[in-house]
Amino acid sequence: MINEKLEKAFNYQINRELYSEYLYLSMQAYFERLNLKGFVNWMTVQVQEEHAHAMGMFDYLNQRGGKVELDAIEKPEIDWSSPLEVFEHILTHEELVTSLINKLMDVAEETKDRAAISFLNWYLKEQVEEEDNVGNVLATLRLIGDDKKALLMLDKDLATRTFVAPVIG
Ligand code: OFO
């Protein structure tokens, strides 16, 4: 049975992962409006990943005999001024998520829940990857500047990203 404080912290993080999914879905819609199909694809994969992150915790909490409590998901932003601004937003958001996973880990450590600590290690590694992926696209967008041709080349590149269901934990 999972400790109540840790259960609450997991429920909060499930909500944050679902918010991430929602935010990226909104970004996907923004790229649809720009007709940048490669960026749309990149965001689609991102949305699927966030759903998998939320479900990983959802399943884990159930497995540990905890009570999953879904909360309201706030409305995400709907407009950005450019692809660059979107990716700046994603990086800031992922850095925030990393700090939240660290806080969740603090609660797992505080409650001496070694199983949860081991489970959460996967999320910490995943955050390193997430920040790196986003940082790479962001760096390319900064190089591109106002060059429309180069933006379309990046769009082609982002069209190749595929979703691989993660094995969590
Ligand atoms: Fe769930 O990693 Fe992004 O937010």
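A residue is called buried when its relative accessible area is under 20%, exposed when it is over 50%, and partly exposed in between. In this predicted model, Glu74 has a relative accessible area of 40% and is therefore partly exposed. Its salt-bridge partner is Arg16, and the closest N and O atoms of the two residues are 2.7 Å apart. The pair joins distant parts of the chain, since Glu74 lies in the loop between α2 (37-63) and α3, whereas Arg16 belongs to helix α1, 58 residues away. Arg16 has a relative accessibility of 13% and so counts as buried.

This pair belongs to a wider set: a search of the whole structure finds seven salt bridges. Another of them is formed by Glu110 and Lys5, whose closest N and O atoms are 2.4 Å apart. Glu110 is in helix α3 and Lys5 is in helix α1 (residues 4-34), so this salt bridge ties together parts that are 105 residues apart in sequence. Glu110 is partly exposed, because its relative accessibility of 49% does not pass the limit of 50%. Lys5, with a relative accessible area of 45%, is partly exposed as well.

A further salt bridge is found between Glu49 and Arg161, with the closest N and O atoms 3.7 Å apart. Here the connection is between helix α2, which holds Glu49, and the segment after α5 (148-158), which holds Arg161; the pair therefore ties together parts separated by 112 residues in sequence. Both Glu49 and Arg161 are buried.

Lys5 also figures in the surroundings of Ala108, a residue of helix α3 (residues 83-110). The C-alpha atoms of Ala108 and Lys5 are separated by 9.0 Å, although the two residues are 103 places apart along the chain. Ala108 has a relative accessible area of 0% and is therefore buried. When neighbours within four places in sequence are set aside, the contacts of Ala108 are Leu6, Asp113, Ala116, Ile117 and Leu120.

Three of these contacts, Ala116, Ile117 and Leu120, fall within helix α4, which covers residues 114-144. In an α-helix there are 3.6 residues a turn, so residues three or four places apart point the same way. Helix α4 contains 31 residues, and the distance from its first C-alpha to its last is 46 Å. This span is close to the 45 Å expected at 1.5 Å a residue. Just after α4 comes Gly145, which takes a positive phi of about 55 degrees.

Technical notes. Residues are numbered from 1 along each chain as its sequence is written. This is a predicted model: local features need pLDDT of at least 70, side-chain atom pairs count only at pLDDT 80 or more; totals for chains, interfaces and linings use all residues. Side-chain values use heavy atoms; hydrogens and water are left out. Helices (H or I, at least four residues) and strands (E, at least two) are DSSP runs, numbered from the N terminus. The expected span of a helix is 1.5 Å times one less than its number of residues. Buried means under 20% relative accessible area, exposed over 50%, partly exposed in between (1.4 Å probe, protein chains only). Contact means heavy atoms within 4.5 Å. A salt bridge is a side-chain nitrogen of Lys or Arg within 4 Å of a carboxyl oxygen of Asp or Glu.
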